[in-house]
Amino acid sequence: MKPRPFDYVRPDTVEEVLALLAEHGDEARILAGGQSLIPMLNLRLIEAAVLIDISRLAELDTIRSDGGALEVGAAVTQNKLMAWPDLARDFALLAAGLPFVGHFQTRNKGTVCGSIAHADPSSELPLLLAMYAGEVVLRSQRGTRAVPAEDFHKDMLTTAREADELVVTVRFPHPSDRRVAFREIARRHGDFAIIAVAAAAGANGAVTLGVGGMAGRPMTRAIAARDAASAADAIGQWAEELEGYDDLHASAAMRRDMLRKLAANVVAEVAQ
Amino acid sequence: MAESSTTTKIRRKEDASLLSGRGRYADDLPVPVGTLYAHVVRSPHAHADIVRIDARRALAHDGVWAVLTGEDVRKLSDPFLAAVKTPVQQWSLAVERVRYVGEPAALVVAESRYVAEDAAELVEIEYAPLPAVIDPVAACAKSAPLLHPQAGTNEVSVREFRYGDTAAAFARADRRIAMTTTFPRLSFTPIECYVVVARHNAAGGSYDVTANFQGPFSMHPVMARALRVKGPKLRLRIPPDSGGSFGIKLSVFPYIVLMALAARVTGRPVKWVEDRIEHLVAASSGPNRVTQIEAALTNDGCVLALRLDQLEDYGAFLRAPMPGPLYRMQGAVTGAYDIAHVDVINRVVLTNKMPASLIRGFGGPQLYLALERLMQRIAVELDLDPLEVIRRNLIAGEKFPYRAAAGALYDSGDYARAVEIATGDGRLDELKRRRAAARAQGRRYGIGFAAIVEPAMSNMGYLSTLMSKEAREKAGPKSGAVSMATVNIDPLGAVTVTADVTVQGQSHETVLAQIVAKALGLRPDDVEVVLEMDTAKDQWSIAAGTYSSRFASGTAVAAHMAAVQMREKLKAIAAKQLNVLPADVELSGGKIRSRSNPDNALPFGRVAATSHWSPGLLPESMAPALSETAAWTPQELEPPSRDDRINTSLTYGFVFDMCGVEIDPVSYQVRVDRYVSMHDAGRILNVTIAGGQIRGSFAQGVAAALYEEFAYNEEGAFLTGTFADYLVPTVSEIPEVEILHYESPSPLTPLGAKGLAEGNCMSTPACIANAIADALGVADVTLPATPRRIHALLERAGATGKR
Amino acid sequence: MRAVKGDQKTRIALTLNGRKLAAEAEPRLLLSDFLRHGLGATGTHVGCEHGVCGACTVLIDGVAVRSCLTLAVQAEGREVRTVESLAAPDGALNPLQAAFRDHHALQCGFCTPGILMSFTDFLARNPQPSEAQIREVLSGHLCRCTGYANIVEAIKEVASSSHAPRSEG
Ligand SMILES: Cc1cc2nc3c(=O)[nH]c(=O)nc-3n(C[C@@H](O)[C@H](O)[C@H](O)COP(=O)(O)OP(=O)(O)OC[C@H]3O[C@@H](n4cnc5c(N)ncnc54)[C@H](O)[C@@H]3O)c2cc1C
Ligand code: FES
Ligand code: FES
């Protein structure tokens, strides 16, 4: 279980990163926390001619919050964001979901942007970004663009990122929701979720639901939660539409069933 | 050592080094200059003919020394001997055909592991895929694809046994209750994988191998024969520390032979460190078993007789010492129950899966899942309390020593008493209240029980039960189980102990030091225990190694005997110097002194020095060296009788478990609410270490019940190839266990101890399965009871509920 | 910018347990292999090489990470701490190690170094964690021998006593 050979580059600036990406395109891989990339390399599941290590780039290791949004740079680890002092107050849903991302030890290295760039369908961070209707900021030598979460995550391990682009930051807009909830089911503590469900209730009582693990990417939907029965109907319909999928740990039917129950729970939690 | 040390909390001798990163595990040891590294190329197919292997591109790769294939192996070695004579041949690399995903098909040897893996991708193997058979029952069908066409069948061994008059008992029974259980495939994968470093000395025609092999050393002749050398030409060394085994490290043996051959081909030392992916796909597995079991009953739930048809699936090859798990429990097949009549059919089948072999529990989990699920079913069908059914059938205390129908001699116990204490101190009433309260709220809560007999120290003759009595008579009797230990004292009085066990975390060092120190009047710290093994220099027998809980009732006894021999010798030496009679000498507090006049004393070291420096001063006719070896084999381990009765083990402990589980209505996870485990393991040698062993095997029992399974699809693809899919539980998944002890010392071992490290591997899967059956009101519980399976069960019952 | 070709061995210097050390390595060499076979620090173990078992956990600049998911070249110039650094030079165990011994929190000891390093980091940041937090951090490690209960007890003892290990140890 040893990786194939690759070139290693540790640029000193984002400009250098972009130049390397422009030069190598999809021959190159960004190495952020390495918590998903290096297992795949060790297992020889993927090819990479060049690894571009961004983990030490101070200019990417920043968390900024202005009035509009929380901006998390590409070198910020999941634990660093969890330890950010105002997280629980201002971004309660992020604070609720982050502890489910792997383990203490993997969060010490795994980055927020790396998880979003990796786009595993049952990952928490892509789901959280979708719940906040956040954006992914992509930079290349061609310029900078901000892509909304729903356009960024396309399918399992597939995103809107072009081969020469770096995810420089992700932006979580300040929420207006008053109540939030996050639940997930995994086989073991710290495993990828079978499904993960989030809910946020706005001031007007409208509830946004999100789910990971039902489709190739996180899905969200606004639910009119006037009463439990109508919410249950809406959730049930949504579960049928999403279908879910079969894997070793859960059948599609079981995923639908879990969604119905978990979603009802989180809707009830935020509706109080 | 007569009294128990249940009150002393001792520090383990091995811990300080292990906690400081100073362990000496197999991969930590220095390797000879010039060592090469190997990587195994493995079959991606469950079943295929090897059409062609082209290694030219791999050999042309920089840093590559050799590529070995089945053809090389066939030229340089012989097939492995097996315990069952069949026309099946197996080698250390696939010859002509691969029979499971992950089967070694070629070996690349290069200057580093990284380079070897690069080159492995360049080895071109052309396969012609064949139909595979995965399900053991399907494999017995006439139409099934044959793994070994020359054997003519996949069902390579079938034996029927009759103990008592089962037919008559069934004829007079009020009721019959039958069921089928399947025990899954899993392995208690140690965190340290296999490691082998092999050297070949062409001039001497000998091999020198270091590997984290763990015994039994009956495999040594198997390896030597495969390498075509006499035993002493294969020197096998076992490192001082091991990162766990649980039986799994027996199966490193084909790789020992393979690396030895690679060393011979390259003329260089060759090292191989198995990685986790290789370990999961191909190292070893416990055998899966399909058991059809039927009881003949009275209306009040007394079992008059049993019939068992046990179909055990060993994967692609039947490796020595298989089919051990199918026969290890043979004498004790009636478990903890007083059942006079039992018929058993043992069938061995081969399928396109990795070969199965030794694993903690070794046949017990499979047997007890069937037996204990049956007891629960009897209660349900007769509308009796399941605990009452168990009680009615337990062997009564006054019947010990008890000869079980199939031949086991249960040495001691009072099962009813142990159950009474367990249900009392373990608060069964509270468990019942919890169940009632949960059910009142519509929650799915169930209670399970399991009562099992835990054998220890296997009779080396038990496997011969699988031969007919005529064949046995021809082959000569096999029985017994030798244990050996040596105590040495150096000129300054320092004591060292060596013994025929391999280290794997069971605190052998600590316990041996304790036993020997006690006999010699020293502190455990005064005794060094050296357990790295070297077949060229250490005492060993085919029984050596660490498996089947042979330590407490075997090696520990030998160590005690060697220490007592040494004590008697020192007394005689000292008597002369103290001018007293040997009977008046005692060893105490680091001194050797006169019992009647304690001031007349010599330091321990002084007496020892006499033997080294002044052998002339020794009592007449005494051998001079201070080195005492004791070998012990218990008389009770006789060969199988003519009517196939066999005392499969020396001691038989008792475990009674009860638990409450709840099924989560959303996640379908089984949550263990409370678990109580009562152990009668005879005299407890060390309560801390006993607790550690019990908790460890309990965690593995929970893993087998709820998490771990080697999953294959119908075509034989392996689905659980990483630790992300093969679910070893973390701390979050292991519930608490309340441990209770009841001690009925074994009259057959000088220390009174029995085994205790395997019990929960045997009892816990059955106990949890029974609780699930109770919670869901179903008969058919498949292990591991994963959320997916629980969901499917409830779905079938229309009970997933859309809240 | 640091750039190394795939087939090129480069000198990688780092601080290991307070001592400046260096050895040659290709970029693909895993830190776990570099520590064990390049620098001879075999106390760090390898159990899966895909991030799940935790046996290989070490501290880089005080933070507990999987050394099997780190390239040796990534640790260049960093402070790496491994289990070998925990005991005093005379062999005396630190409080965390001693608690493991006193609670029989290890059997084969193969998983232990990684667990000790995780908690060296975690307890330095959270000297008085709850049992739930301890379990949460411990869930990043697999142990096959102990069933975990005694490990939790050992850590609880250290966490509740005043002398939680500092990151200097
Ligand atoms: C034992 C274990 C358990 C885990 N459990 C979970 C879990 O429960 N939930 C979960 O979500 N994750 C889990 N993970 C994965 C998580 O830890 C990773 O952190 C995350 O998926 C990737 O982040 P990273 O920074 O490590 O990215 P890397 O592994 O470095 O990169 C992942 C991919 O994203 C690309 N990439 C990274 N950063 C950028 C960027 N800035 N711009 C462009 N491309 C980029 C890389 O090229 C690579 O293809 C687990 C991992 C392990 C080892
Ligand atoms: S070896 Fe690194 S986590 Fe298992
Ligand atoms: S002590 Fe053996 S794996 Fe933990």
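R10(A) sits across from R2(C), a residue of strand β1(C). The two belong to a pairing that crosses from one chain to another: strand β1 of chain A, residues 7-10, and β1(C) run antiparallel and share 3 bridges. Keep in mind that everything here comes from a predicted model. In general terms, strands of a sheet pair through backbone hydrogen bonds, and they can do so in a parallel or an antiparallel way.

## Where chain C meets chain A

Let's zoom out from that strand pair to the whole interface. On the chain C side, 38 residues are in contact, and they face 37 residues of chain A. Three residues of chain C stand out here: M1(C), R28(C) and L69(C) provide 23% of the area that chain C buries against chain A, more than any other three residues.

The rule for salt bridges finds 5 of them across this interface. One involves K2(A) and D33(C), whose side chains meet at 2.8 Å, N to O. Polar contacts turn up here as well, with 26 residue pairs counted between chain C and chain A, both residues at pLDDT 80 or more.

Which elements of chain C each supply at least two residues to the side that touches chain A? They are β1 (2-4), β5 (63-66), α3 (112-125) and α4 (131-138). Sorted by class, that side of chain C has 17 nonpolar, 10 polar and 11 charged residues.

## Where chain C meets chain B

Chain C also touches chain B, and this contact takes 46 residues from chain C and 51 residues from chain B. Here are the values for the two interfaces, laid out in a table.

| Interface | Buried area | Share from carbon and sulfur atoms |
|---|---|---|
| chain C and chain A | about 3000 Å² | 52% |
| chain C and chain B | about 3900 Å² | 58% |

Between chain C and chain B there are 4 salt bridges. In one of them, the side chains of D28(B) and R36(C) come together at 2.8 Å, N to O. As for polar contacts, the rule finds 19 residue pairs across this interface, both residues at pLDDT 80 or more.

On chain C, the elements that give two or more residues to the side touching chain B are α1 (31-38), α2 (95-102), α3, α4 and α5 (149-160). The largest share, 4 residues, comes from α2(C). By class, this side of chain C divides into 21 nonpolar, 16 polar and 9 charged residues.

## Strands inside chain C

Now for the inside of chain C. Strand β2 of chain C covers residues 10-16, and 5 of its 7 residues are buried, so the rest of the structure largely encloses this strand.

What does β2(C) pair with over 7 bridges? The partner is strand β3 of chain C, residues 19-25, and the two run antiparallel. Within that pairing, R11(C) stands opposite E24(C) of β3(C). β2(C) and β3(C) make a hairpin with 2 residues between them, and N17(C) in the turn has a positive phi of about 50 degrees.

β2(C) also has 2 bridges to strand β6 of chain C, residues 79-81, and that pairing is parallel. There, T15(C) has E79(C) as its bridge partner.

## A look at chain B

Chain B has an open sheet of 3 strands in the order β4-β2-β6, with antiparallel pairing. At the edges are β4 (97-98) and β6 (124-129), each of which pairs on one side only. Strand β2 of chain B, residues 48-54, is joined to β6(B) by 6 bridges, and one facing pair there is I50(B) with Y127(B).

Is helix α18 of chain B mostly enclosed or left open? This helix spans residues 604-613, and 7 of its 10 residues are buried, so the rest of the structure largely encloses α18(B). Among the buried residues are F604(B), V607(B), A608(B) and S611(B). As a general point, an α-helix has 3.6 residues a turn, so residues three or four places apart point the same way.

One more spot in chain B is S541(B), which lies in the loop between β22 (533-534) and α17 (550-578). Is S541(B) buried or exposed? With a relative accessible area of 12%, S541(B) is buried, because the cut-off for that is under 20%. Leaving aside residues up to four places away in sequence, S541(B) touches F217(B), V482(B) and M484(B).

Notes
Residues numbered from 1 in each chain as written. Chains lettered and ligands numbered in written order. Predicted model: local features only at pLDDT ≥ 70, side-chain atom pairs only at ≥ 80, totals over all residues. Heavy atoms only, no water. Buried < 20%, exposed > 50% of the residue type's maximum accessible area, 1.4 Å probe, protein only. Contact = heavy atoms within 4.5 Å. Buried area = accessible area lost by both parts, 1.4 Å probe. Polar contact = N/O pair within 3.5 Å; in protein donor to acceptor, adjacent residues only side chain to side chain. Nonpolar A, V, L, I, M, F, W, Y, C, P; charged D, E, K, R; others polar. Pairing = 2+ DSSP bridges.
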